[in-house]
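Subject: A structure to hand over

Hello,

I am passing this structure on to you, with some notes on what turned up in it. Please open it alongside this message and follow along.

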Amino acid sequence: MPIPGIISVEQIEYMLDRMYATEVITKEIHAGTCWELIRDGEEAVGSCLLARPTAARLRLHKLYIQVERHGQGLGRASLNHVMEIAAALGAQEVSLFVNKKNQKAIRVYERAGFAIAESVINEFGGGFVMDDYRMAASCGR
C-alpha cells in the first residue's frame, strides 16, 4: 500500500477507496487485468497487478510487499516473475509508475534493470496528483 510520508494520509484514503475496493478489483479482473498474490511459502505477503499488455509493453500497475518483508528478495523475485510473463507474452518492455519521493522503490527497480523514462504529473481526482517517474525495462535484458 502507499506509504504515509510519501503521500498524505488523505490521499492514501482516497486511493484506497478508488483503487482497492472489492468491486474495483473485481471489475479490473473481468477487464483482463491480472492480480497476483505474492507468497512466501503459504503466506501471502504482497500483491501485484499487471495490465493487459499491448503488443510492445506490459504495464506493472501495482507491486506491494508487506513492509516487514522488505529486504528479503521478494520484490526482486516478483519483478523477475513479471519480466518472465512479459517475455512470454511477447512484450518488448515492462513499464511502471513510481512516486518520485519513493527512493527505496526506485532503487529496487533500478537494481532490477529499470531506468527512468520520463517524469509525469497526473491529476488523480479529489484534488490529488500523482507526481511520478515512468520507469521501463527491456524484456530482453
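A residue is called buried here when its relative accessible area is under 20%, and exposed when that value is over 50%, with partly exposed in between. Please keep in mind that this is a predicted model.

A good place to try out that cut-off is Arg69, in the loop between β3 and α3 (74-89). Is Arg69 buried or exposed? Its relative accessibility is 12%, so Arg69 counts as buried. The side chain of Arg69 also has a polar contact, at 2.8 Å, with the side chain of Gln72. Leaving aside residues up to four places away in sequence, Arg69 touches Asp40, Glu43, Val45 and Leu74.

Now for the sheet. It is open and has six strands in the order β1-β2-β3-β4-β6-β5, with mixed pairing. Which strands stand at the edges? They are β1 and β5 (115-125); each has a single partner strand, so one side of each is left without a neighbour in the sheet. From one strand to the next, the twist averages 30°.

As general background, strands of a sheet pair through backbone hydrogen bonds, in either the parallel or the antiparallel sense. Here are some of the pairings, going along the sheet:

- β2 (residues 43-50) and β3 are antiparallel, with five bridges; Gly46 stands opposite Ile65 in β3.
- β3 and β4 (residues 93-99) run parallel and are joined by four bridges; Arg57 faces Glu93 of β4 as its opposite residue.
- β5 and β6 run antiparallel, joined by nine bridges. Ala115 stands opposite Ala136 in β6, and Ile121 stands opposite Asp131 in β6.

The hairpin of β5 and β6 has two residues between the strands, and Gly126 there takes a positive phi near 65°.

Helix α1 packs on this sheet, where it touches β3 (57-65), β5 and β6. The direction of α1 makes about 65° with that of β6.

Strand β4 is also where you will find Asn99. With a relative accessible area of 17%, Asn99 is buried. The side chain of Asn99 reaches the backbone nitrogen of Lys101 at 2.7 Å. If residues up to four places away in sequence are not counted, Asn99 touches Ile6, Ile7, Ile106, Asp131 and Asp132.

Next, the aromatic rings. How many aromatic pairs does the structure hold? There are five. In one of them, the rings of Tyr14 and Phe128 have centres 5.3 Å apart and planes at 50°, so the pair is tilted. Tyr14 belongs to helix α1 (residues 9-19) and Phe128 to strand β6 (residues 128-138), so this pair ties together parts that are 114 residues apart in sequence. Tyr14 and Phe128 are both buried. Together with Phe124, they form one aromatic cluster. Tyr14 has a charged companion as well: Arg18 lies over the face of its ring, 3.7 Å from the ring centre.

Another pair is made by Tyr20 and Trp35, which are edge-to-face, at 6.3 Å centre to centre with 75° between the planes. Tyr20 sits in the loop between α1 and α2 (22-30) and Trp35 in strand β1 (residues 34-40), so that the pair links distant parts of the chain, 15 residues apart. How do the two compare in accessibility? Tyr20 has a relative accessibility of 14% and therefore counts as buried, whereas Trp35, at 22%, counts as partly exposed. Over the ring of Tyr20 sits the charged end of Lys62, 5.6 Å from the ring centre.

If you would like a route through the model, you could begin at Tyr14, which is in helix α1, and go on to Phe128, its tilted partner. From there, β6 leads across to β5, its antiparallel neighbour.

Happy looking, and do write back with any questions.

Best wishes

Methods: Residues numbered from 1 in each chain as written. Predicted model: local features only at pLDDT ≥ 70, side-chain atom pairs only at ≥ 80, totals over all residues. Heavy atoms only, no water. Phe/Tyr/Trp six-rings, centres within 6.5 Å; stacked < 30°, edge-to-face > 60°. Buried < 20%, exposed > 50% of the residue type's maximum accessible area, 1.4 Å probe, protein only. Lys NZ or Arg CZ within 6 Å of the ring centre and 35° of its normal. Pairing = 2+ DSSP bridges. Axes fitted to C-alpha atoms, helices over the stretch in contact; angles between N-to-C directions. Contact = heavy atoms within 4.5 Å. Polar contact = N/O pair within 3.5 Å; in protein donor to acceptor, adjacent residues only side chain to side chain.
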